[in-house]
Amino acid sequence: MKPQKNPLSNASAVLAIFVGTLALIGWLTHNPVLKALHPEWVAMKANTALALIFSGVSLLAVLRPSAAGKKTSHRINQWFSVGVFVIGLLTLLEYLSGRSLGIDQLLFTEPAGAIGTYAPGRMAFNSALSFTLLGMALLYLDHETPRGQYPAQYLAVAAIVLGLPALTLHIYSINFIHGIAPFVQMAIHTAISVVALGVGILAARPGRGLLAVFQSNNGAGSETARRLLPLAFTIPLAVGWAALTGVKLGAFDHEFAITLAVIAMITIWVPLIYRTAVMANELDALRIVAEGFAKRERGFLQLLQAITVASNEAATVDEALAVSVEKVCRHTGWPLGHIYLLTEIGPPRFVSSKLWYSGKPASYSKFRSITAARELAPDEDLPGRVYTTGTPTWVRDVTQEPWFVRAHEALEEDLHSCFAFPVLADQKVAAVFEFYSGDAVEYDAQLLEIMGHIGTQLGRVVERKRSENEQTHLRAREHSALEASRMKSEFLATMSHEIRTPINGVIGMAGLLLDTELNAEQRDYAQTVKRSAAVLLDLINDILDFSKVEAGKMDIEIADFDLHAAVKDTRDILGHSASVRGIRFSSQIDQEIPAPLKGDSMRFRQILLNLLNNALKFTQAGEVSIDVRKVRHSSEVTGGGTPQIWVRTEVRDTGIGIPDSLHHRIFQSFSQADSSTTRKYGGTGLGLSICKKLTELMGGEIGFTSKEGSGSTFWFTLPLQPGEEKQKTSPTAELLRASAAAMTAVERKSVLVLLAEDNTINQKIAMKMLEKLGYRADCVGNGLEVLDAIARIKYDVILMDCQMPEMDGYEATMRLREREATAGGHLPTIAMTANAMAGDREKCLEAGMDDYVTKPIEGTQLDEILQKWLKYKPTEASRKVIPIKSARSRTESETVSDVLSELTNLKRDNARAPTDIPANINQELEAEFEKLKSSLDEVPDTKKMGRGKR
């Protein structure tokens with residue numbers, strides 16, 4: 001049990017110690033007043049004084065734990081309580097045995113014949129018994145029986161019962177008992193101390209046992225006990241003392257004294273009992289009121305729950321507020337309710353929400369009109385008071401308040417009392433509820449408290465609805481963003497088509513030019529134009545697909561490529577520009593790097609070209625160099641797995657350099673080190689950002705070192721895999737392969753191709769490519785002409801552009817497949833388009849096309865795609881020919897003589913073969929050539945096969 005600090009117990013302990021100490025001082029100083037208080041009264045024995053001191057110390061120990069802790073206090077209690085018990089018990093044994101045990105004269109010697117003394121120095125029998133009981137009570141103060149009883153309390157009551165008679169006798173001045181041995185009279189201050197100690201022990205643990213009823217606050221019984229118990233002691237003592245005093249003074253005899261005492265007791269106790277009954281009734285009334293309050297509170301809680309459920313089920317904030325104002329009015333019985341809203345845009349103002357509730361909808365029209373028509377400032381009227389304090393407000397009579405701007409209308413409508421509360425959303429006032437009554441209602445704290453909870457709950461609803469609205473807005477924005485992304489994709493697709501179309505013309509025409517007779521210088525120029533256009537095409541692809549790079553959806557194509565050739569081609573593209581400006585341009589490649597490597601050659605070229613362009617752009621004089629070397633081999637590190645060669649490519653220049661303070665901006669999109677460089681050197685600042693993203697996408701790293709005024713070194717490291725070594729073929733085998741290809745010319749001339757293309761340049765390029773490849777072809781300009789042509793002529797394959805006027809390639813292909821589903825057959829259709837965005841291939845295949853190639857396309861690539869879908873079975877000689885008005889002219893080289901002419905050119909080209917061809921190669925070629933020529937002479941001329949020139 002945790003020790004308790006009880007003032008009554010503390011006072012009892014201090015009194016016992018004080019009385020015992022004074023008595024011992026009296027024995028030491030031979031002062032009879034300190035020992036007996038009066039010469040004719042019984043003196044307190046020295047061992048009695050010692051027992052009182054021990055009892056007081058023991059009681060204080062259980063009430064006030066010492067600084068050393070609870071264990072020390074418990075030991076002090078045990079030692080001193082045992083001392084009290086031993087003193088009392090030994091004295092009792094002396095009385096019972098009739099022998100002295102040596103404790104009566106232990107401290108001081110008392111002469112025989114002292115007042116109230118049975119034996120010199122021996123305390124009274126009832127004193128010894130009281131100390132025995134008190135010692136046991138102190139020792140077992142916190143002991144509890146299995147039935148929940150506390151013996152210490154009963155022992156303390158017994159000690160009180162022993163002390164009260166002695167105290168009463170002293171009060172009534174009755175001394176005849178001390179002549180009856182061994183019942184020696186207890187000293188008066190001993191009796192007072194014993195009674196006080198008993199009460200102190202009971203009060204030490206007031207919340208349990210016998211005193212629990214006095215400490216309880218749960219009923220009228222406890223209150224009655226606390227009121228009547230002191231009177232039960234004092235009134236009988238006072239009445240008895242008055243009656244006895246009257247007898248002693250001779251005022252009346254004993255019979256009259258008894259009669260007077262009875263009348264006095266009745267006179268005193270009847271009013272006390274009546275008062276107690278009245279108090280009990282008052283307590284019952286309070287209980288009924290409390291139950292009414294509890295019932296009212298339960299009603300408020302049900303209101304709060306109902307508003308919470310209804311608000312959560314409401315679709316909008318206005319619906320939740322309307323439901324709430326109605327339920328509050330119905331529950332409280334107040335006839336009028338209204339809601340003010342705080343504006344969210346501009347300066348804060350309170351405006352009427354038009355949300356009202358009234359038992360009679362047509363009533364209070366003037367008050368409602370003025371409220372709806374007037375906006376209020378944040379510090380104005382009733383909403384302003386609520387806004388300022390942020391708490392519910394009660395006004396007993398608004399018509400008497402000068403700050404209430406609608407007082408005149410309220411008086412006309414007989415509205416007086418009102419209360420209002422805020423709706424707090426995100427700790428800010430979002431709305432104010434106000435309610436009015438026709439009566440002057442007194443302040444109701446409980447109602448305002450519940451209204452405050454309702455405002456808090458509605459605030460959460462407002463917060464949630466706002467969040468839902470924000471989510472809806474975010475979804476709308478997301479939808480808009482997706483729509484914008486779709487439009488952007490469509491724009492990029494259109495731009496891709498429009499930009500790639502002229503580039504297709506440049507590359508195609510350059511390719512056709514290279515197929516003509518050119519001298520070495522002209523051929524070099526034409527090849528440079530073609531390579532430059534190809535690189536330009538790669539750059540345009542990157543710019544158009546920048547959003548795809550940002551989204552991390554750029555695909556990396558791994559294929560064999562010659563790194564030496566890639567570096568050389570990139571250098572050759574910019575070599576002329578460097579030489580014109582007088583800049584030394586060099587490259588060095590580590591010989592340990594094998595020529596065939598696996599990687600994305602286009603991305604490698606793009607990164608290198610970007611770095612070289614930057615180096616040349618910012619270098620006015622000096623040198624730009626390329627250094628490519630192997631930095632490590634993964635098999636050397638990991639000891640197994642697929643080997644990887646880490647190649648580091650460095651581009652050094654002696655240009656203007658980059659200040660240290662601007663290094664962090666180098667790889668940012670649309671950024672250059674200094675805005676002045678953009679004006680002076682041009683550029684978008686996108687190249688290095690793309691280089692970084694592409695390098696990281698390929699699993700590599702990129703970086704730079706630079707010092708202002710001393711040039712820069714940009715580097716990137718890529719993991720590449722060794723490529724497959726291609727088997728070298730002899731010149732004889734190459735020529736035989738060419739001869740074998742030439743043998744297919746007759747088969748190619750039996751193939752009829754339909755080209756669907758609306759751009760005249762692209763028509764010219766494609767038709768010329770097909771002519772050089774040996775195919776015959778017709779050309780149409782839109783999807784309608786495609787459907788008309790295939791209805792008239794049996795074609796072997798269609799090269800279909802996707803974007804054409806009147807009917808595009810997608811719809812034309814779908815119409816073709818619908819025809820084939822009924823008539824049978826399948827005409828291979830290949831998309832040959834400038835659409836090169838993500839998803840274009842899938843769109844073509846979904847429309848029914850068989851394959852997909854992007855412009856610009858090389859002749860060899862076109863031949864490969866055609867051979868993939870053609871079986872080279874000569875078409876029947878009786879193929880029906882119906883002229884097509886809109887078709888362009890077909891290729892004219894249709895005879896065997898044309899084939900022989902091509903073989904002659906092949907032979908002539910062989911004469912310019914490298915000098916390291918074996919000496920007997922010419923004889924071998926001559927023999928093979930004559931065999932081919934003889935076999936071709938036996939093939940009938942196609943002009944005689946029913947395919948006349950159209």
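**Reading aromatic pairs and burial in a predicted model**

In this predicted model, ring pairs join Trp-334, Trp-394, Phe-419, Phe-421, Phe-433, Phe-435 and Tyr-443 into a cluster.

Me: How many aromatic pairs does the structure hold, and by what rule are they counted?

Reply: Two rings of Phe, Tyr or Trp are paired if their centres lie within 6.5 Å. By this rule there are 18 aromatic pairs.

Me: Are the rings of Trp-394 and Phe-419 stacked, tilted or edge-to-face?

Reply: One compares the ring planes, and planes under 30 degrees apart count as stacked. The planes of Trp-394 and Phe-419 stand at 10°, with the ring centres 5.9 Å apart, so this pair is stacked. Trp-394 belongs to strand E3 (residues 393-395) and Phe-419 to strand E4 (residues 417-425), so the pair ties together parts that are 25 residues apart in sequence. Both Trp-394 and Phe-419 are buried.

Me: How should the pair of Phe-704 and Phe-714 be read?

Reply: The reasoning again rests on the planes of the rings. For Phe-704 and Phe-714 the planes are at 20° and the centres 5.1 Å apart, so the pair is stacked. Phe-704 is found in strand E11 (residues 701-706) and Phe-714 in strand E12 (residues 712-722), 10 residues apart. Both Phe-704 and Phe-714 are buried.

Me: Which residues lie over the face of Trp-403 and of Trp-715?

Reply: For an arginine, one considers the distance of its CZ atom from the ring centre and its direction relative to the ring normal. Arg-385 lies over the face of Trp-403, 4.0 Å from the ring centre. Over the face of Trp-715 lies Arg-648, at 4.3 Å from the ring centre.

Me: Why is helix H7 described as largely enclosed?

Reply: A residue is called buried when its relative accessible area is under 20%. In H7, 15 of the 17 residues are buried, so the helix is largely enclosed by the rest of the structure. Helix H7 covers residues 188-204 and reaches 24 Å from its first C-alpha to its last, close to the 24 Å expected at 1.5 Å a residue.

Me: What can be said of the protein chain as a whole?

Reply: The chain contains 31 helices and 17 strands. Of its 950 residues, 44% are buried. The accessible surface comes to about 49,200 Å², and carbon and sulfur atoms account for 58% of that area. Among contacts between residues at least 6 apart in sequence, 70% join residues at least 24 apart.

Methods
Residues are numbered from 1 along each chain as its sequence is written. This is a predicted model: local features need pLDDT of at least 70, side-chain atom pairs count only at pLDDT 80 or more; totals for chains, interfaces and linings use all residues. Side-chain values use heavy atoms; hydrogens and water are left out. Helices (H or I, at least four residues) and strands (E, at least two) are DSSP runs, numbered from the N terminus. Buried means under 20% relative accessible area, exposed over 50%, partly exposed in between (1.4 Å probe, protein chains only). Contact means heavy atoms within 4.5 Å. Accessible areas come from the Shrake-Rupley method with a 1.4 Å probe; for residues, only the protein chains shown count as cover. The expected span of a helix is 1.5 Å times one less than its number of residues. Rings of Phe, Tyr and Trp (its six-membered ring) pair if their centres lie within 6.5 Å; planes under 30 degrees apart count as stacked, over 60 as edge-to-face and the rest as tilted. A charge sits over a ring if NZ of Lys or CZ of Arg is within 6 Å of the ring centre and within 35 degrees of the ring normal.
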